[in-house]
Amino acid sequence: MFDLYAVIGNPIAHSKSPFIHTIFAQQTHQAMQYTAILAPLDGFKKTVESFHLQGGKGLNVTVPFKLQAFQLATRLTERATIAQAVNTLKFEDNEILGDNTDGVGLVRDIELNLGISIAAKRILLIGAGGAAQGVILPLLQRKPAILAIANRTPQKAQMLQQQFLPFGNIIAGNYTSFSNKHFDIIINATSASLNNAMPEVPTDIFAPATLVYDMMYGNELSRFLKFAQEQGARQVADGIGMLVEQAAESFFLWRGVTPQTKPVITQLRSMNLKQDINK
Ligand code: ATR
């Protein structure tokens, strides 16, 4: 008997989650099966309920359903409550637990895989949509010197600043607000790379020692990472590590065992990957 899990989204065909969780299950000898489910745009709840009725134990949730998953959960972790988005559902006896492992995935990739500690660092987060919102609390919990949020539409960054003020040192603005400022870590959390576009940030935010991170991944470096390199940034990273680390945290929530992420990251890097973000 296998326990059933899946990733649910729309579109979902290119998701790497079935590959990742199948390797995790083999590594840790868990009797489970993990598939991908395409839910109709107007049929998320029904699709989740039918998966649960078939004996499903848990789901990863991706675009565009993270807010609906947040609303569907009957119990939430603190990090999901604060992110107002759920990427992991666990079916318990009488409850549906909603969690958000995206932020911890990003933090672990930066700290454990890339070896850069966040404490006391100056961080620039670009973007103020769901992807940005999901990582703010875990970043602040690592006690950076400052977390600056820059967005094309600055009002959205300012709303996030207000929401997260109680949790740490956070400022907000548009791209030019942070011109000529020094940052240790710059993170692109916009969806621009999905359209082969990039946030038009000032060139002077990049320094040789800045880690420049794009939550997006693909065969080639994103335009944003190439641009950062052209400005002299020596260390750039795409979102593959975050993808695998958030998956590992979901796996731990479901199964209570921690899989090894590094071999899976290496395997994914050798594959032909379509441009994508955290699925
Ligand atoms: P997600 O949930 O993936 O974060 P979202 O909530 O639609 O998606 O937010 C998209 C983010 O990417 C926003 O910060 C958006 O900026 P605006 O708030 O100004 O719209 C940003 N974004 C998308 N395309 C962009 C582009 N070409 N240049 C700059 N920012 C872009």
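Start by selecting 88-91 and 96-99 in this predicted model. These are strands β5 and β6, and they pair in the antiparallel sense over four bridges. Now show the turn that links them: a hairpin takes β5 to β6 through four residues. Zoom in on Leu89, whose bridge partner in β6 is Gly98.

Keep Leu89 on screen and add residues 56-61, which is strand β3. β3 also pairs with β5 in the antiparallel sense, here over three bridges. Which residue stands opposite Leu89 on this side? It's Leu59.

Next, follow the chain out of β3 into the loop that runs to α3 (66-72), where you'll find Pro64. Check the peptide bond from Val63 to Pro64: it is cis, with omega near 5°. There's another one to click on, between Asn10 and Pro11, also cis, with omega about 5°. For that one, look in the loop between β1 (3-9) and α1 (17-28), where Pro11 is found.

Time for the inside. Select Leu106, Ile110, Ile136, Ile187 and Met215: within the largest nonpolar core, which has 30 residues, these touch the most other members. To see what surrounds them, colour the elements that each supply at least two residues of this core: α5 (102-113), β7 (122-126), α6 (130-141), β8 (146-150), α7 (154-164), β10 (185-188) and β11 (211-214). Which of them gives the most? That's α6, with six residues. Now colour by domain, using 3-100 + 241-277 for domain 1 and 104-238 for domain 2. Both give residues to this core, so the core lies between them.

Centre on Met215 and show its contacts. Leaving out residues up to four places away in sequence, Met215 touches Leu106, Ala131, Val135, Ile187, Asn188, Ala189, Gly239, Met242, Ile277 and Asn278. Apart from the largest core lies another one, of 21 residues; Tyr217, Ile240, Val244 and Phe251 are among them, so select those four to locate it.

Finish with two backbone oddities. Lys143 is in the loop between α6 and β8, and its phi is near 60°, a positive value in a residue other than glycine. Is Lys143 buried or exposed? Its relative accessibility is 60%, so Lys143 counts as exposed. Then jump to Asn180, in the loop between β9 (170-173) and β10. Asn180 is not glycine either, yet its phi is positive, near 70°. With a relative accessible area of 64%, Asn180 is exposed too.

Note on methods:
Residues are numbered from 1 along each chain as its sequence is written. This is a predicted model: local features need pLDDT of at least 70, side-chain atom pairs count only at pLDDT 80 or more; totals for chains, interfaces and linings use all residues. Side-chain values use heavy atoms; hydrogens and water are left out. A nonpolar core is a set of buried Ala, Val, Leu, Ile, Met, Phe, Trp, Tyr and Cys residues joined through side-chain atoms within 4.5 Å. Buried means under 20% relative accessible area, exposed over 50%, partly exposed in between (1.4 Å probe, protein chains only). Domain bounds come from an automatic or database domain assignment. Contact means heavy atoms within 4.5 Å. Two strands pair if DSSP finds at least two bridges between them.
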